[in-house]
Amino acid sequence: MPELNPVVHGRLRLALLALLSSVEEAEFTWLRAKTEATDGNLGAQLLKLEEVGYVAVEKKFVLRKPQSLYRITERGRQALAEYVRALKQLLGPAVDA
Amino acid sequence: MQDHTTEQELKERLGLIERMIAEGRRNTESWGWTFVLWGIVYYVAIAWSAWDHSVWAWPATISIGVLTTIVIASFKAGNHPKTTLNRAIGSIWIAVGISMFLLFLTLGVTGRLTDQHLFAAVISAILGIANGASALILRWKIQFACAIVWWAAAVGTSFGTDAQSMTVFLFAIFFCQIVFGIYGIIAKVQPREQRNPGNA
């Protein structure tokens, strides 16, 4: 049976990877609005994804305000694709139910 | 790990992925305000040029419109993700904006904006192209209706008297800029129906 990647499996981390896979890059506040996570939890999960190389962050100032732009890396995209593959394999025929 | 994971939980994870991807792909960026702003810009420019026939009416008003758009857009930009779709739509409007700015700046300064029918028809045709392309990318029927109104205006403004031509042009601006812009602002407000991962 396939193993589910524990880093990707976390609910908020999975949501973040899925969100980031559908955009080129996204700001912290947009991710917060979409996931409705708290600043602390969101920051911690993004840091974890960054540490394993699944997301990359660019910090800059726009109109004197700090902005953190996140994007999914190739490694993160592969990890998400493998996770979905494993998930579908585990669910088998139940996936369409 | 999956020993402790129920089938229900796995299905929920799959559903979460699909939901988040759909959420990311949804064009959340609201540009309704730009339509309203540019509707006002056109009305100001028309009123100014009708009032003192200044060659600077259109170039100056469009310049102020461009600056206002850039300032407001840069304030709003941080809240939205960059997507290929947004870039495609943005590219159309930026290219149209640059074309109109250069064309009407040059024609205005050289004093060649004298044929009101031709002028209104050209603006209407350009806006028909931009709205049509944007509507086809977004598959947005209401914006395509605006494109049809602009194309009809491009034909309609070529006929009749100056007053009739201007009436057609003013109606197209009202419907496709002001009404459509307000609709765009209102339509963006949608209720959230799904439980989000941050609340798990």
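From the N terminus on, the elements of chain B follow the order α-α-α-α-α-α-α, and the count for this chain is accordingly given as seven helices and zero strands. The model described here is a predicted one, and the values below were computed from it. Of the 200 residues of chain B, 28% count as buried. Among the contacts in chain B with a separation of 6 or more, 73% are made by residues that lie 24 or more positions apart.

Within chain B, helix H4 covers residues 84-109, and its length can be checked with a short piece of reasoning: at 1.5 Å a residue, its 26 residues should span 38 Å, and because the C-alpha atoms at its ends are 37 Å apart, the expectation and the model agree. Just after H4(B), the backbone at Gly111(B) takes a positive phi of about 75 degrees.

An earlier helix of chain B, H2 (residues 32-52), contains Trp51(B). This residue is exposed, because 9 other C-beta atoms lie within 10 Å of its own, and a residue is counted as exposed if that number is 12 or fewer. Trp51(B) and Leu16(B) are 35 residues apart along the chain, and their C-alpha atoms are separated by 59 Å.

In chain A, both helices and strands can be described. The axes of helix H2 (residues 11-21) and helix H5 (residues 74-91) of chain A come within 10 Å and cross at roughly 115 degrees, and the crossing of H2(A) and H5(A) is left-handed. On the side of H2(A), the residues that take part in the contact are Leu17(A), Ala18(A) and Ser21(A), which meet Gly76(A), Arg77(A) and Leu80(A) in H5(A). Sorted by class, the contact of H2(A) with H5(A) has three nonpolar, two polar and one charged residues.

The strands of chain A pair through strand E3 (residues 65-72), which has an antiparallel partner in strand E1 (residues 26-27), the two being joined over two bridges. In this pairing, Ala26(A) stands opposite Tyr70(A) in E3(A). Strand E2 (residues 55-62) of chain A is also joined to E3(A), here by eight bridges, and these two strands likewise run antiparallel. Val62(A) has Lys65(A) in E3(A) as its bridge partner. As a general point for reading such strands, the side chains of a regular strand alternate between the two faces of the sheet.

Terms used
Residues numbered from 1 in each chain as written. Chains lettered and ligands numbered in written order. Predicted model: local features only at pLDDT ≥ 70, side-chain atom pairs only at ≥ 80, totals over all residues. Helix = DSSP H or I, 4+ residues; strand = E, 2+ residues; numbered from the N terminus. Expected span 1.5 Å × (residues − 1). Axes fitted to C-alpha atoms, helices over the stretch in contact; angles between N-to-C directions. Left-handed = near helix turned anticlockwise from the far one by under 90°. Contact = placed C-beta atoms within 7 Å. Nonpolar A, V, L, I, M, F, W, Y, C, P; charged D, E, K, R; others polar. Pairing = 2+ DSSP bridges. Buried ≥ 20, exposed ≤ 12 C-beta atoms within 10 Å, placed from the backbone.
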